[in-house]
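Colleague: Got a minute to go through this one with me? I'd like to jump straight into the details.

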Amino acid sequence: MRYRILLPLALLAAVGLALVFKGSDILARGYIEEAEVQAGTTLRLAVSALDGHLKRYEALPALIADQQNIEAVILDPKNETLRATTNAYLKEINGLLKSSDIYVMTMDGETIAASNYDSPVSFVGENFTYRPYFQDAAEGRQSRFYALGTTSLKRGYYFGSPIEIGGAIRGVIVFKVDIDSLEGSWGGGDDRIFVSDPEGIIFMTGSPEWLYASILPLTPDRIARTEASRRYADAKLRELPVERGSFAGRDVMTIRDGGIEKEYLVVSQPMPDAGWTVNVLMDTGSVHTQAKTAAVAALLTLCLAGLGLAIVLQRRARLNERLILQAEARNELEHRVAERTADLARVNSRIEEEIAERRLTEQRLRQTQADLIQAGKLAGLGQMSAALSHELNQPLAAAKTYAETAGVLIDLGRTDDARDNVRRISALIDRMASISRHLRNFARKPNEKLGPVALDDVMRDTLEIVAARLKAADAELDIEIDPAIPAVKAGAVRLQQVLVNIITNAADAVEGLEDRRITVSAEQAGNRVMVSVRDRGPGVAAAIHERIFDPFFTTKGVGRGLGLGLSISYNIIKDFGGSLSVADHPEGGAVFRIELEVADGNLLEAAE
């Protein structure tokens, strides 16, 4: 009887030990999977934080590169006044955007303006041609680069953009973004988070002692590629003592840190746009401990079960054998049902959360789409109706004046003069038709070809349209244009539109003042012609200099202006390859300057 009891117990012990060892490996895999899920969540949060932080600044360099003062300092980098103004502007923008530094470079790599111009580590005068962000932007691409600053010795992420003026790249503007705030949130936890570059060098980490250490061997090729861009300036690079292996079917990394070896589960995700790989290391010590504890518990449980079975077998023998088997089978079934029920409950809960989140996202997306469509409709309707009202009002007023005058001339028998007025009305109608064609192309570049335009002819036609407005304002128009001024590259009708708009605005500015003179002059400087329209009005306040050419911005009273004339004029001159600017005259009043190219020989020959 004793042997019959001991033999099953011996077999049970052997099978139990085998199951304990096998179960230990299975439990370790389960625990390592849980650890991997937890590390994956930490990794997604870190990647999302990095990606969101960088995307805040991605589009800003191209936007700031189009600003007038940036283009002005690039065109005249030796002008100290422009440089001082640009430095102050960059410092203000840098403070608003909370970036690290903003600076502007010419095509030879020299920094001519920077937000830190007044700091001990100013970038002004420094040359960064060796940086890949400068090289890519100088070739016309939006660039990205991360590095340790050679001047400031501060780490940062760089966004570069070309500064294009008249279709040519004239300089580069760079935003440097601080990443210390993100890195500071990675410390203090059980997980180790770090960002490595393609050479395996750690660039960001919550463990300062790992900074600029490499998790890959520092081969001569890797060192040469790193030193070519001076990515880490004079920082000392070293290899992190790393041994790679596997545990429970997962890749692990053993690191000797301060004389202590620690094994970590490695979870990584590349960020191709940034050129980084974000890594999360989770200490596997707790997994080993849990697996060992579970194995010991299983072994103890097995021993207790064996002891209990021995007692039962000894007391009940064969009479209780079937009851024991049934009880074990029932307990196992209940345990499995409970586990399956719990698993299904967790799965259902996750599915319900995902459904609710997707429904909310879909609702927000539809609302955003509807808002965008409505905004686009309103913007298009406002631009077209305002442009038609603004551009056709003045020719209609002139046509009405000619028609009334023609009737008087016919009554006086002056048929030739009346016929001339009718001819002028016909010409105004042609111009209105041309304006209508331009307004149909308001949102795209017109089809009118550019050619040589004589300023005398344009001014003569312009005077006919603005004469009534000048008379109403009791303004005096002085035209100081030398007939020797060469023809300019433009479109005659659209250039006339610009002059009509600016001269009409000047008449509005001087109306009711003692000095109501308006002066139109032109001068040639090399292959450029500068046309100036000066009034003796109150001038343009400094606060609105940057906004005066924005659509729907106006300083006139309600019902007297829609704020589109100068915006349309600005874009017309830009289409000609020129520029439109405004400044205050030292003796009072505002001066609008139109800068245009002199028509070259090919255009003149084509016109002939």
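Colleague: What phi does Gly577 take, just after α13?

Modeller: Gly577 has a positive phi, about 85°. Bear in mind that this is a predicted model.

Colleague: And α13 itself, which of its residues are buried?

Modeller: Gly565, Leu566, Ser567, Ile568, Ser569, Ile572 and Ile573. The helix also gives two or more residues to the lining of the largest pocket.

Colleague: OK, that pocket. How much space lies in the largest one?

Modeller: About 1700 Å³. The lining has 43 residues. Gln68, Glu71, Ala72, Tyr570 and Ser579 lie nearest the centre.

Colleague: Which other elements give two or more residues to the lining?

Modeller: Besides α13 (565-575), the helices are α3 (68-75) and α4 (80-97). The strands are β4 (155-165), β17 (517-525), β18 (528-535), β19 (579-584) and β20 (590-597).

Colleague: How does that lining divide into nonpolar, polar and charged?

Modeller: 17 nonpolar, 14 polar and 12 charged.

Colleague: You mentioned α4. Where does Thr85 sit, and is Thr85 buried or partly exposed?

Modeller: Thr85 is in helix α4. Thr85 counts as partly exposed because its relative accessibility is 45%, between the 20% and 50% cut-offs. Its C-alpha is 7.9 Å from that of Asn69, and the two residues are 16 apart along the chain.

Colleague: Switching to closed voids. How many cavities of 30 Å³ or more are there?

Modeller: Two. The second largest holds about 50 Å³ of space.

Colleague: What lines the second largest cavity?

Modeller: Tyr103, Phe123, Phe128, Arg131, Tyr133, Gly149, Thr150, Thr151, Ser152 and Tyr158. By class, that is five nonpolar, four polar and one charged.

Colleague: Now the rings. How many aromatic pairs does the count come to?

Modeller: Nine. One of them is Phe123 with Phe128, an edge-to-face pair at 5.8 Å centre to centre and 70° between the planes. Phe123 and Phe128 are both buried.

Colleague: What about Tyr133 and Phe145, what geometry does that pair have?

Modeller: Tilted, with 6.2 Å centre to centre and 50° between the planes. Tyr133 is in helix α5 (residues 132-138) and Phe145 in strand β3 (residues 143-148), so the pair links parts of the chain 12 residues apart.

Colleague: Why do Tyr133 and Phe145 count as buried?

Modeller: Tyr133 counts as buried because its relative accessible area is 0%. Phe145 is at 5%, so it is buried too. The cut-off is under 20%.

Colleague: Which residues do ring pairs link into a cluster?

Modeller: Tyr133, Phe145, Tyr146, Tyr157, Tyr158 and Phe159. Tyr157 comes up again in the largest nonpolar core.

Colleague: Go on, then. Which residues touch the most other members of that core?

Modeller: Leu50, Val104, Tyr157, Ile163, Met204, Trp276 and Val278, out of 55 residues. Helix α1 (residues 2-58) gives the most to the core, with nine residues.

Colleague: What does Val104 touch, leaving out residues up to four places away in sequence?

Modeller: Ile70, Ile74, Leu90, Glu110, Thr111, Ile112, Ala113, Ile163, Val172 and Ile173.

Colleague: What other core lies apart from it, and how many residues does that one have?

Modeller: Another core of 49 residues lies apart from the largest. Leu477, Ile485, Ala490 and Val582 are among its members.

Definitions and conventions: Residues numbered from 1 in each chain as written. Predicted model: local features only at pLDDT ≥ 70, side-chain atom pairs only at ≥ 80, totals over all residues. Heavy atoms only, no water. Core = buried A, V, L, I, M, F, W, Y, C linked by side-chain atoms within 4.5 Å. Buried < 20%, exposed > 50% of the residue type's maximum accessible area, 1.4 Å probe, protein only. Helix = DSSP H or I, 4+ residues; strand = E, 2+ residues; numbered from the N terminus. Contact = heavy atoms within 4.5 Å. 1 Å grid on protein atoms, 1.4 Å probe; cavity = no way out; pocket = protein on both sides within 12 Å on 5 of 7 lines; lining within 4 Å. Points joined across faces, edges and corners; volume = space filled by probe spheres on them. Nonpolar A, V, L, I, M, F, W, Y, C, P; charged D, E, K, R; others polar. Phe/Tyr/Trp six-rings, centres within 6.5 Å; stacked < 30°, edge-to-face > 60°.
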